[in-house]
Amino acid sequence: MKTNDVLLRNVTKVVAFIIFLFSLHLFLAGHYNPGGGFVAGLTSAGAITLMFLAYDTKTVKSMLNINTIMLTGIGLLFALGTGLIGILTGDAFLTHKYTHIDLPILGDVSLHTATLFDLGVYLVVVGVTLTIIQSIGESD
Amino acid sequence: MTNNLVLMPILIPFFGAILLMILPKRIYLQRTVALIFSILLFLASLFLVFYVHKNGIMTLNIGNWDAPFGITMVGDMLALLLVTTSSIVLNCVVIYSFYTIGKPREKFLYYAVILFMMVGVNGSFLTGDIFNLFVFFEVMLMSSYVLLVIGGTKIQLKATIKYLLINVVGSAFFVVAIALLYSMIGTLNMADISQKIAALDGSGNYGMISVVAVMFLFVFGLKAGLFPLYFWLPGSYFAPPIPILALFGGLLTKVGVYAIMRTYSLFFYQLSDFVLPLLGILAIITIILGVIGAMSYYDLKTIVIYNILIAIGVILFSVSLMSREAMTGAVFYLIHDMIIKAALFLIVGVVMAITGYSSVKKFSGLMTVKPSLGWAFFIAILGLSGIPPLSGFFGKLLIVEGSFSAGMIVGGVIVLLSSLFVLMSLIKVFTRGFWGGKQGNFNLKIPYRKMMLPVVILLSISILYGVCSELMLPYISQAVDSLIDPSIYINAVFKE
């Protein structure tokens with residue numbers, strides 16, 4: 001008998017979205033508050049894992065359509081590239097740059113290249129976690 | 001001026017590994033990219049050796065944070081010589097892998113993992129921060145776990161579980177040792193630690209420093225294969241395919257040796273009443289046990305593995321003497337050993353590819369089929385045991401001289417005798433496997449010339465290294481300068 005998990009799937013649709021937004025919040029909060037690339041990556045992977053639980057792996061894969069190993073590689077490239085910013089501007093490796101910008105609605109925003117490094121960490125964490133979950137889930 | 005160049009030995013393989021992850025898994029593409037990046041790595045590290053020889057120790061404060069507060073990368077001569085040597089080994093192993101490792105492994109990110117391991121190895125050599133050393137150790141170990149298990153044969157799985165457990169325990173101890181040191185000293189920068197330990201002399205905490213020293217000895221001894229912590233090594237190294245084994249035998253244990261050399265010459269050089277003699281005694285026992293192991297087998301692979309232990313013992317024994325002569329010998333011997341061990345393992349690989357076995361009880365008369373292989377093996381044996389014009393001689397001579405002038409007659413004699421046994425252990429299998437009538441099934445369809453190319457490269461480097469030791473001496477003595485006199489290292493980091 002096939003169970004009808006309509007409740008789980010409908011709740012997942014809402015909750016996964018909220019979890020994803022929360023991970024985005026954690027990611028952007030990292031510089032001044034607890035959070036950062038690592039937790040944000042784990043939370044995002046958590047959202048996707050919830051979708052894996054509610055649907056089967058095939059559906060989720062066709063929804064996301066990403067190669068997780070490549071995602072990890074791109075994350076590493078971001079981290080390395082952030083380091084190269086320092087070299088290209090004549091400073092030491094991983095010297096970060098920052099600036100303040102006045103945006104119309106958000107007001108005074110400080111931008112920092114450490115965020116790009118965090119983005120790298122985020123992508124690596126998501127990529128590695130999903131690779132682990134997928135390869136364990138799919139091996140029989 | 002900022003010296004980003006010193007990071008090149010880390011960044012080049014890192015970028016190469018990332019590229020190999022992103023690029024499609026087409027074998028020829030992977031091979032080409034891997035080879036290009038390992039050649040680039042070799043050229044960059046060679047350039048750095050000459051640059052440092054001319055301009056003195058290079059340091060880089062990552063992110064422009066001043067020395068004790070940020071991570072410092074220190075490219076001194078010792079580190080750069082080892083980086084260059086390991087990149088030579090890497091190049092030869094990559095070329096050798098083309099013909100031997102097999103397509104399934106190559107498709108499974110084999111080259112990317114090798115390059116990641118080089119990131120770890122080079123990072124461990126170049127870092128000037130004790131916790132960063134731990135991180136680079138982990139980068140190296142993680143990649144070595146993957147390399148050990150890649151392919152997934154039964155023997156590899158078995159060996160990997162052992163190796164993984166041992167190293168996880170070792171790494172945990174490393175963290176605890178760093179925590180203890182940090183709680184006493186309050187800094188992680190190696191130059192700063194050295195200064196603060198020297199300033200501690202005579203105060204109550206001084207006894208604890210020897211505890212930390214012994215813990216470091218435990219951790220690095222575990223990685224290097226020092227008695228009584230070598231028990232994992234023969235089993236684990238027996239499992240992986242030959243190119244991976246050559247990489248392990250050439251590099252991994254030597255990183256542990258380097259870490260002992262660096263921490264003991266920088267942090268614990270004053271502890272000559274307890275810790276240094278302990279290191280010396282353990283090293284001597286390692287030599288003896290390695291000799292026993294090497295003599296008791298008829299299996300080529302196992303014999304060379306036990307010869308790793310002997311070399312580790314010889315190098316660490318001379319490190320424990322802390323004299324200029326002995327240190328010069330240790331550095332000479334370390335570089336020689338990295339090259340010759342890789343060459344020996346690759347030769348064993350060719351022998352195994354031809355005969356199908358690594359035990360010489362299964363075949364004989366290989367000389368009648370492949371004389372060039374026999375002569376290559378013979379030269380490698382002579383080089384390993386230290387026959388004068390070849391590479392192992394000068395290092396061992398200095399080690400023995402150093403131990404006699406330090407009054408360690410027994411140690412010196414054991415080092416001398418160990419040479420004899422090294423020669424005997426390998427000549428024994430040489431005469432049995434290569435001489436005599438033709439016995440066993442020889443498979444001559446292997447790409448013999450291509451497989452011998454990296455062997456020939458390594459052997460000729462080893463011979464040149466032995467013949468031109470006079471030319472190498474200024475570089476090595478520059479490397480020893482900062483080992484003998486920590487203030488050179490400290491001044492380079494803090495730049496007055």
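**Exercise 1. A salt bridge in chain A**

Is A:Asp91 buried, partly exposed or exposed, and what is its relative accessible area?

*Solution.* The model under study is a predicted one. The relative accessible area of A:Asp91 is 21%. Since buried means under 20% and exposed over 50%, A:Asp91 counts as partly exposed. The next step is to look at its partner: the side chain of A:Asp91 meets that of A:Lys97 in a salt bridge, at 2.7 Å from N to O. A:Lys97 is likewise partly exposed, at 29% relative accessibility.

Between these positions in sequence lies A:Leu94, found in the loop between H4 and strand S1 (98-103) of chain A. Its phi is near 65°, a positive value in a residue other than glycine, and at 22% relative accessibility A:Leu94 is also partly exposed.

**Exercise 2. Another pair in chain A**

Determine what joins the side chains of A:Asp5 and A:Arg9, and assign each residue to its accessibility class.

*Solution.* The two side chains meet in a salt bridge, with 3.9 Å from N to O; the cut-off for such a pair is 4 Å. A:Asp5 has a relative accessible area of 27% and is therefore partly exposed, and A:Arg9, with 31%, is partly exposed as well.

**Exercise 3. Salt bridges in chain B and across the chains**

Describe the salt bridge of B:Asp192, and then establish how many salt bridges are counted between chain B and chain A.

*Solution.* B:Asp192 pairs with B:Lys196, and their closest N and O atoms are 3.2 Å apart. Because the two residues are 4 apart in helix H8 (residues 190-199) of chain B, they are separated by about one helical turn. Their accessibility is then assigned residue by residue: B:Asp192 is buried, with a relative accessible area of 8%, whereas B:Lys196 is partly exposed at 35%. Elsewhere in chain B, salt bridges that share partners join B:Lys254, B:Asp337 and B:Lys341 into one network. Over all chains the structure holds 8 salt bridges, but the count between chain B and chain A is 0.

**Exercise 4. The interface between the chains**

Work out how much area chain B and chain A bury between them, and which residues of chain B supply much of its part.

*Solution.* Begin with the contacts: 16 residues of chain B touch 16 residues of chain A. The size of an interface is often given as the accessible area lost when the parts come together. Here chain B and chain A bury about 1400 Å² between them, and 79% of this area is on carbon and sulfur atoms. On the side of chain B, B:Asn4, B:Met21 and B:Ile22 supply 34% of the area that this chain buries against chain A, more than any other three residues.

**Exercise 5. The largest pocket**

Characterise the largest pocket by its volume, by the elements that line it and by the classes of its lining residues.

*Solution.* Its volume is about 1900 Å³. The lining comprises 48 residues, and those nearest the centre are A:Leu76, A:Val124, B:Phe14, B:Phe116 and B:Val139. Turning to the elements, at least two lining residues each come from helix H4 (68-88) and helix H5 (114-138) of chain A, and from helix H1 (8-22), helix H4 (103-107), helix H5 (110-126) and helix H6 (130-149) of chain B. H6(B) gives the largest share of the lining, with 10 residues. Sorted by class, the lining holds 34 nonpolar, 9 polar and 5 charged residues.

**Exercise 6. A glycine in helix H14 of chain B**

Locate B:Gly349, decide whether B:Gly349 is buried or exposed, and list its contacts beyond its neighbours in sequence.

*Solution.* B:Gly349 lies in helix H14 (residues 324-355) of chain B. With a relative accessible area of 6%, B:Gly349 is buried. Once neighbours within four places in sequence are set aside, its contacts are B:Tyr96, B:Ile242 and B:Met451. By contrast, B:Pro68 stands 281 residues from B:Gly349 in sequence and 46 Å from it in space, C-alpha to C-alpha.

**Exercise 7. Backbone features in the loops of chain B**

Which peptide bond leading to B:Pro228 is cis, and where does B:Met322 lie?

*Solution.* The cis bond runs from B:Phe227 to B:Pro228, with omega near -5°. B:Pro228 belongs to the loop between helix H9 (206-224) and helix H10 (233-238) of chain B. B:Met322 sits in the loop between helix H13 (300-321) and H14 of chain B, and its phi is positive, about 55°, although the residue is not a glycine.

Note on methods. Residues are numbered from 1 along each chain as its sequence is written. Chains are lettered from A and ligands numbered from 1 in the order in which they are written. This is a predicted model: local features need pLDDT of at least 70, side-chain atom pairs count only at pLDDT 80 or more; totals for chains, interfaces and linings use all residues. Side-chain values use heavy atoms; hydrogens and water are left out. On a 1 Å grid over the protein atoms alone, a cavity is a set of points where a 1.4 Å probe fits but cannot get out, and a pocket is an open set with protein on both sides within 12 Å along at least five of seven lines; lining residues have an atom within 4 Å of a point. Grid points are joined across faces, edges and corners, and a volume is the space filled by probe spheres set on the points. Ala, Val, Leu, Ile, Met, Phe, Trp, Tyr, Cys and Pro count as nonpolar, Asp, Glu, Lys and Arg as charged, and the others, Gly among them, as polar. Buried means under 20% relative accessible area, exposed over 50%, partly exposed in between (1.4 Å probe, protein chains only). Contact means heavy atoms within 4.5 Å. Buried area is the accessible area (1.4 Å probe) that two parts lose on being put together, summed over both.
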